[in-house]
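Let's take a walk through this model together, starting with how its helices pack and moving on to its cores and some backbone details. Have the sequence and the 3D view at hand as you read.

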Amino acid sequence: MLSSHCFTDKLLHTMRHRSVIVFASIASTSAWAPAFGTSRYVGINRDMTSLKAAAIPPLTTHFEKHLPLARDAMKFIDDSPDPFHVIQTASRALDEVGFKEWDDDDDHSLEPGGLYYFTRNKSTLVAFCVGKKYTPGKGFKIIGSHTDSPNLKVKPRSKRTTSKLGGPSGVIQLGVECYGGGLWHTWFDRDLGISGRVFVKDDSAGKIRQVLVKIDHAILRIPNLAIHLQTAKERESFSVSAVYFLSWTFDRVSRDNLSQYSFNQTNITIQYNKEDHLSPILASAVKDSLTGSEEKETPENTSGDDGWSKHQEPLLVQMLATKLGVQTEQIVDFELNLFDVQPASLGGVRSEFIHSARLDNLASCFLSLKGLLEHVEEGGVEKDDDISMIAMFDHEEVGSSSATGAGSPIVADAVKRISHALGAGQDNPILYNRSIQNSFVLSVDQAHAVHPNYASKHEKNHGPKLNDGMVIKRNSNQRYATTGITGLVVRELAKGAGLPPVQEFVVRNDCGCGSTIGPIISTATGIRAIDLGCPQLSMHSIRETMGTKDLTHGLALFKAFFRDFSFVDQRIEQ
């Protein structure tokens, strides 16, 4: 099997003998040629190392104006490896511009022009601003998204390796559970960190505190099985999903000539069991070869111990305690998940793509938050007579049926409480019902762009493209909440904002259709809704791809929604 690094070495070595042909081709692309200097490549054979290190700059294009927003989104995603960190990052941004955390016990402190937010379980957030010109009966403009993504979560009993010496492999592993519908084969051979929340006992205060933790270096890894150890049957069929990989095969190794290599597309097939084969390696368990010592077990808390600690991997608990600056016996529980520590990056020769984990759906969380903040900063609240709101829910990837998911009463209760505090509650049913009828939900979740290698998977007239605008999702069987009226509202908003025409997505008749939070919220509240999002590739992979320009499109649409919805809605006969 020829690795990518090996392939690069062969290519560069071959270029020593074919430098005139190879570099004549490169030189013909004027934007790239300066990276190699103007020496007509004299001495190229003398120092190939410098060529390997040379960075080819992206072409200067109109994409440059979209990069600042893209970098902000990338930082938001990198800072938010789990729902708890998403809400922490969003709350800090809200605090910075003057939002106040709304007390659950206070239903009478709201006022026009006010900025408020509240959280649930530290994994779901609702933020809203009351228009300065608000009057009872006016509507809610809501953008909904979700904070969770498919990942591997540490099991409640994290200890998987029972032998102190790590069994036949000599390594310590963690017990993990699959969350959501991930493309789990993409988690193999990735550098994995760990994040989430830890419950820490504070004896001095007599309380148990919640502390967030993020260890963003490669402490975990799930190694692939070498192809040489696979059976012929294992090479024939991929048992988890019909995914095909490109393999590079060669006739014989040669450092002098790539022409002796043949490149064929074949099916790499690895059969794995999610329980047996997705357990990550945490550490080596081998005794010190000189002293014969080994890692000490984490001392169990014998005072009032409920048995939790004896089922935890000692090295994991020790690492968490060290990171948090507490004693191991102070840690009484945790909710942790794994994540890819590779940061988000710009891709493509023009930096037209973003490659990152969790684009589904942190791209939407970022854009909704950014849209609300800019609505405030640009004076939108002073001109507004409605309530502008964002809601970020947990547990969308597993059905939303939880106390913090979109299937919970969170949005319905928020609408009732806010309406009551502003004089249009259920004790005034005429005004409350009018408020519901004047409201609208943008359910924002990433959409499937046409995959260039699998274009036939899309309905031929409804194939969204990257960097080509936002996507409305439709399904006549109500898997999406979009209707003729709600779709028209968004198209009119996009047109008024000078955006590209909104793209449309409909599944093929012979393909199942996914769903998201739009129908759930609409059912629970009676508020009109639409499902839409930015197009992306590789959804539910550990690393996904979207277009740089589509972040700009999304932000502009959300700002137009907060600014212009009432005007557009009043023009359309209901």
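Begin with helix H5 (residues 83–96) and helix H9, whose axes come within 11 Å and cross at roughly 10°. Axes here are lines fitted to C-alpha atoms, for helices over the stretch in contact, and angles run from 0 to 180 degrees between N-to-C directions. Helices (H or I, at least four residues) and strands (E, at least two) are DSSP runs, numbered from the N terminus. That angle makes H5 roughly parallel to H9; angles under 35 degrees count as roughly parallel, over 145 as roughly antiparallel, 65 to 115 as roughly perpendicular and the rest as oblique. The crossing of H5 and H9 is right-handed, a term used if the near helix is turned clockwise from the far one by less than a right angle, with left-handed for anticlockwise.

Before going further, please keep in mind that this is a predicted model, in which local features need pLDDT of at least 70 and side-chain atom pairs count only at pLDDT 80 or more, while totals for chains, interfaces and linings use all residues. Residues are numbered from 1 along each chain as its sequence is written, and side-chain values use heavy atoms, with hydrogens and water left out.

Which residues make the contact between H5 and H9? H5 brings Val86, Ala90, Ala93 and Leu94, and H9 brings Leu362, Leu369 and Leu373; contact means heavy atoms within 4.5 Å. By class, this contact has 7 nonpolar, no polar and no charged residues. Ala, Val, Leu, Ile, Met, Phe, Trp, Tyr, Cys and Pro count as nonpolar, Asp, Glu, Lys and Arg as charged, and the others, Gly among them, as polar.

A second helix pair is H4 (residues 67–78) and H15 (residues 548–570), which pack at about 90° with axes 9 Å apart. This makes H4 roughly perpendicular to H15. Leu67, Leu69, Ala70 and Ala73 of H4 meet Thr548, Leu551, Thr552 and Leu555 of H15, giving 6 nonpolar, 2 polar and no charged residues.

Now for the interior. The largest nonpolar core has 57 residues, and those with the most contacts inside it are Phe99, Leu369, Ile390, Leu442 and Leu557. Such a core is a set of buried Ala, Val, Leu, Ile, Met, Phe, Trp, Tyr and Cys residues joined through side-chain atoms within 4.5 Å. H9 supplies the largest share of this core, 10 residues. A second, separate core of 35 residues includes Phe188, Leu278, Leu282 and Leu338.

H9 (residues 359–377) is also the place of Asn361, which a cis peptide bond joins to Asp360, with omega of about 15°.

Here are two residues other than glycine with positive phi.

| Residue | Phi | Loop between | Relative accessible area |
|---|---|---|---|
| Asp189 | near 60° | strand S6 (171–179) and strand S7 (192–202) | 35% |
| Ser538 | about 65° | strand S19 (535–537) and strand S20 (544–547) | 34% |

Asp189 is partly exposed, and Ser538 is partly exposed as well. Buried means under 20% relative accessible area, exposed over 50%, and partly exposed in between (1.4 Å probe, protein chains only).

Finally, is Ser400 buried or exposed? Ser400 is buried, with a relative accessible area of 1%, and lies in the loop between strand S13 (387–393) and helix H11 (410–421). Leaving aside neighbours within four places in sequence, Ser400 is in contact with His395, Gly405, Ala406, Gly407, Ser408, Ile517 and Ile520.
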